[in-house]
Amino acid sequence: MPATTSAHKILQGAFGAAAEGLPEAYWELIEQYRGELVNQALAILGSLEDAEDVAQETFCEAFRDREKLAQADSLGAWLRSINRANAMDRLRRKR
């Protein structure tokens, strides 16, 4: 499954060539949860562009905290929790 272009660019920017070597399972994770996370952030922020940025930030954070990712009891709940916090932070910064 190919990486979404925006997620791929974000990860390359954050991690350089290391993003090229991400396992296929990571890209599958993005595809599986991306829509849900964008919708969650959209409900908080009211802007699709901001919501997509927040979802990308969430996946980058999950990549940076791979130990926490591996220890999460419920991956979806863990991602939604991070995503909600990121969306709320963005909302506070906009005010």
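This is a short talk about how three helices pack in this structure and which salt bridges run between them.

Okay, ground rules before the fun part. What we have is a predicted model, so local features need pLDDT of at least 70 and side-chain atom pairs count only at pLDDT 80 or more, while totals for chains, interfaces and linings use all residues. Residues are numbered from 1 along each chain as its sequence is written, and side-chain values use heavy atoms, with hydrogens and water left out.

Let's start with helix α2, residues 24-45, and helix α3, residues 48-64. Helices here are DSSP runs (H or I, at least four residues), numbered from the N terminus. The axes of α2 and α3 come within 8 Å and cross at roughly 135°. For the axes, think of lines fitted to C-alpha atoms over the stretch in contact, with angles running from 0 to 180 degrees between N-to-C directions. That makes α2 and α3 oblique to each other; under 35 degrees would count as roughly parallel, over 145 as roughly antiparallel, 65 to 115 as roughly perpendicular, and the rest is oblique. The crossing of α2 and α3 is right-handed, so the near helix is turned clockwise from the far one by less than a right angle.

Who touches whom? On the α2 side you'll find, among others, Y26, L29, I30 and Y33, and on the α3 side residues including V54, A55, F59 and F63. Contact means heavy atoms within 4.5 Å. By class, the α2 contact with α3 has 16 nonpolar, 1 polar and 3 charged residues. In that scheme Ala, Val, Leu, Ile, Met, Phe, Trp, Tyr, Cys and Pro are nonpolar, Asp, Glu, Lys and Arg are charged, and the others, Gly among them, are polar.

Now bring in α5, residues 75-94. α2 and α5 pack at about 35°, axes 9 Å apart, and their crossing is right-handed. From α2 the contact takes in L29, Y33 and L37, among others, and from α5 it includes L79, A87, M88 and L91. This contact divides into 11 nonpolar, 3 polar and 4 charged residues.

On to the charges. Side chains of opposite charge can pair when their charged atoms come close. How many salt bridges does the whole structure have? A full search finds 7, where a salt bridge is a side-chain nitrogen of Lys or Arg within 4 Å of a carboxyl oxygen of Asp or Glu.

One of them is R34 with E52, closest N and O atoms 3.7 Å apart, and that pair links α2 to α3 across 18 residues. R34 is partly exposed at 25% relative accessibility, and E52 is partly exposed at 29%. (Buried is under 20%, exposed over 50%, partly exposed in between, with a 1.4 Å probe and protein chains only.)

Then there's R80 with E36, at 2.7 Å. R80 sits in α5 and E36 in α2, 44 residues apart. R80 comes out partly exposed at 30%, as does E36 at 33%.

Last pair: R90 and D53, 3.7 Å from N to O. R90 is in α5 and D53 in α3, so this bridge ties together parts 37 residues apart in sequence. Is R90 buried or exposed? R90 is buried, at 13%, whereas D53 is partly exposed at 29%. Salt bridges that share partners join D50, D53, E57, R90 and K94 into one network.

One more on D53: its C-alpha is 9.7 Å from that of N86, with the two positions 33 residues apart in sequence numbering.

Conventions
Helix = DSSP H or I, 4+ residues; strand = E, 2+ residues; numbered from the N terminus.
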